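Visitor: Could you take me on a close look at one part of this protein, the nonpolar patch on its surface? I'd like to know what builds it.

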Amino acid sequence: MRHSIFCLPLLAAPAAHAQTVRAPQPPASGDVVSAADDAFGRRIGIEEVGLYSESEVRGFDLQAAGNYRIEDHYYVRVAGMLQPLNGGTAIRVGANGLRTDFAAPSGVVQYTMPGAAPGVRASIEAGWWGGSGPVAMLRGAAGTADGRWSLAGALQLTPAQQYTDGTTGDFTAIGLVPRWSPAPGVRITGVWSHNWFPREGDTYYANPAGAPREVKRWTNRTQSWMDARNESDLIGAFADVDAGKDWRFGASLFYNALPYDHSAYSVLRFTGNGREAVASGLLFGAETRHSISAEVTAAKQFVTGNLTHRIIAMARRRDSMVESDPGVPFALGTYADVNDRPRIARPAVALGTARKRDDVGQWTGGLGYRLSIGSLAELRLDAQRVEYAKRVRALDGTVTEQTTRPWLYGGALSVGITSRLTGFASYARGLEEAGVAPANASNRGAVLPAAISRQAELGLKYGFAGGPTLIAGLFDLSKPTPGIDAAGAFDFVGTVRHRGVELSLAGPLTSRLNAVLGATWLDARIDGELVDRGVIGVRPIGRPRVTALANLTWRVPGVEGLTVDGGVNVRGARYADRENSVALPGYALFNLGLRQAFAVGGHPVTLRARVTNLTDRFAWNPASSGLITPIAPRTLTLTLTSAL
């Protein structure tokens with residue numbers, strides 16, 4: 001819930017529409033384990049399960065790759081999807097990502113908007129989320145009997161929140177999703193959301209080599225004059241048209257913005273004695289970032305003999321802007337005990353008015369082809385031509401620009417080996433932003449061309465009769481890595497490569513027991529000049545070799561409406577610094593919960609209780625910047641949801 005600019009069945013024959021991936025549908029119970037069709041990532045409300053997150057898949061950052069979709073429509077995200085607007089999230093990768101048109105390396109994050117059935121309904125959820133404070137979520141939906149009109153929306157009130165770093169804030173969000181079907185086969189959907197988020201400033205930690213074994217959590221180490229305020233907006237609409245004769249059309253337009261009125265963060269750098277930390281940080285004035293993303297698609301399906309063909313054409317436009325404040329640094333001296341914050345007055349520093357501006361404009365045109373041979377095999381091929389232009393205006397007004405016009409292409413093949421076993425293979429090229437030369441580079445301010453990422457994967461998918469689905473796969477991803485070369489210039493200086501194995505088992509084990517089980521083994525490696533010179537190690541920061549999970553949901557016999565769930569998430573050891581000199585130990589987190597459904601006065605009611613990090617395990621997690629933060633302590637979620 002907290003946002004910060006620093007934390008950044010077997011395959012069947014395809015349906016003939018512009019984007020063929022089925023949007024994830026949340027179950028009425030809100031049980032995320034029962035809803036998941038693989039172990040790679042699924043979220044409903046505040047509960048999620050999966051090996052990957054909405055920002056990171058297979059060890060790579062999806063924000064840089066822009067791999068987001070709203071009900072299969074292209075979407076460039078700058079702020080997280082707000083709860084009132086999100087009907088469910090699924091990470092489509094591996095076998096379940098094969099049928100995504102114009103697939104990209106690392107897969108796609110698929111968002112679903114809430115819908116409304118005929119009639120009027122409303123519900124309220126109240127209680128305590130994650131141990132951080134009170135919550136009230138009011139949801140409503142209404143639809144006409146003929147299905148032509150509907151409106152769904154929600155209001156989230158989460159005041160007086162306390163976060164795991166001890167700071168507090170008030171988070172309010174609202175979202176609306178109107179849907180209109182003006183003619184048979186035509187559906188137009190609108191989206192709008194907004195949030196308000198005043199809070200205290202963020203705190204991070206540095207020098208993992210000197211970090212104590214643990215620090216107190218729920219302890220505020222931020223000075224009272226450090227605060228922040230941001231809002232976010234998502235406004236847009238998309239249309240899906242079944243024009244008859246196997247023609248399908250799609251169109252979308254989204255605007256996403258994340259403005260900050262002001263913000264602050266502090267860094268506590270451990271000195272190595274286990275308690276002492278030197279405090280410093282940055283104060284920021286107004287900043288903003290926004291994106292406009294648009295897409296039109298046209299698809300035609302036709303049949304020749306036993307072959308089903310589908311051709312899709314696509315055009316996309318993206319305009320993104322970031323206006324950032326360099327910030328004003330401050331130093332606060334030393335905290336003798338990191339768990340006991342001294343009160344220190346605000347330093348006499350003044351915020352500046354100069355802003356760095358970063359603009360990206362991107363055109364993409366694509367053509368795809370899909371061939372299905374009954375249920376025996378499916379082949380997908382696509383090609384895209386991209387014009388990517390980046391323009392940077394430095395603080396001193398200097399402007400630098402770079403335009404890249406690469407070809408991107410991909411393909412996938414799935415073969416029905418038996419009625420239950422499918423083999424698959426795929427290859428894809430993608431485009432990612434590469435950055436701007438920093439102030440200490442000889443080519444300060446230079447804009448690098450966009451980086452080209454590549455992914456190959458191979459695997460099997462098996463569906464047990466009336467039971468779960470097993471997916472096993474191998475993947476190999478790589479992309480250039482930027483850095484300062486031996487001559488002092490900022491350029492591509494090597495390659496980062498992630499190779500791994502994925503295993504997923506998800507679905508019903510018995511009529512009462514559902515499971516999501518998964519594991520990955522990752523070989524993340526950096527090659528190139530910086531490694532050869534000893535500037536950095538061969539392993540990226542924060543990439544464990546082993547990640548695993550096991551989550552179960554059991555409907556208790558003899559007790560109507562009672563479901564018990566539990567699970568464990570395992571994260572292996574990983575490096576916390578670029579030199580690979582500090583390794584953080586792995587850890588396992590256990591969760592336990594229950595859900596009881598009953599009725600009061602004819603209204604359905606659900607009581608949900610859940611404890612995460614049951615054993616209150618402490619561990620440090622590193623960010624790619626080298627800063628570290630503690631994982632969340634044992635927390636309780638307790639809510640009561642009732643239909644009105």
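Guide: Happy to! Let's start from Leu607, which lies in strand 36 (residues 603-612); helices (H or I, at least four residues) and strands (E, at least two) are DSSP runs, numbered from the N terminus. Residues are numbered from 1 along each chain as its sequence is written. This is a predicted model, where local features need pLDDT of at least 70, side-chain atom pairs count only at pLDDT 80 or more, and totals for chains, interfaces and linings use all residues, while side-chain values use heavy atoms, without hydrogens and water.

Leu607 is partly exposed, with a relative accessible area of 31% (buried is under 20%, exposed over 50%, partly exposed in between; 1.4 Å probe, protein chains only). Leu607 joins Trp128, Phe598, Val600, Leu636, Leu638 and Leu640 in the nonpolar surface patch. Its members have over 30% relative accessible area and no salt bridge (Lys or Arg side-chain nitrogen within 4 Å of an Asp or Glu carboxyl oxygen), and their nonpolar side chains are joined within 5 Å. Together they have about 580 Å² of accessible area, by the Shrake-Rupley method with a 1.4 Å probe. Strand 35 (587-600) and strand 39 (635-643) each supply at least two patch residues, and strand 39 gives the most, three.

For context, look inside too. The largest nonpolar core (buried Ala, Val, Leu, Ile, Met, Phe, Trp, Tyr and Cys residues joined through side-chain atoms within 4.5 Å) has 46 residues, of which Ile70 and Met113 touch the most other members. Strand 30 contributes the largest share of this core, four residues.

Note on methods: Patches are made of residues with over 30% relative accessible area and no salt bridge: like charges are joined within 9 Å, nonpolar side chains (Val, Leu, Ile, Met, Phe, Trp, Tyr) within 5 Å.
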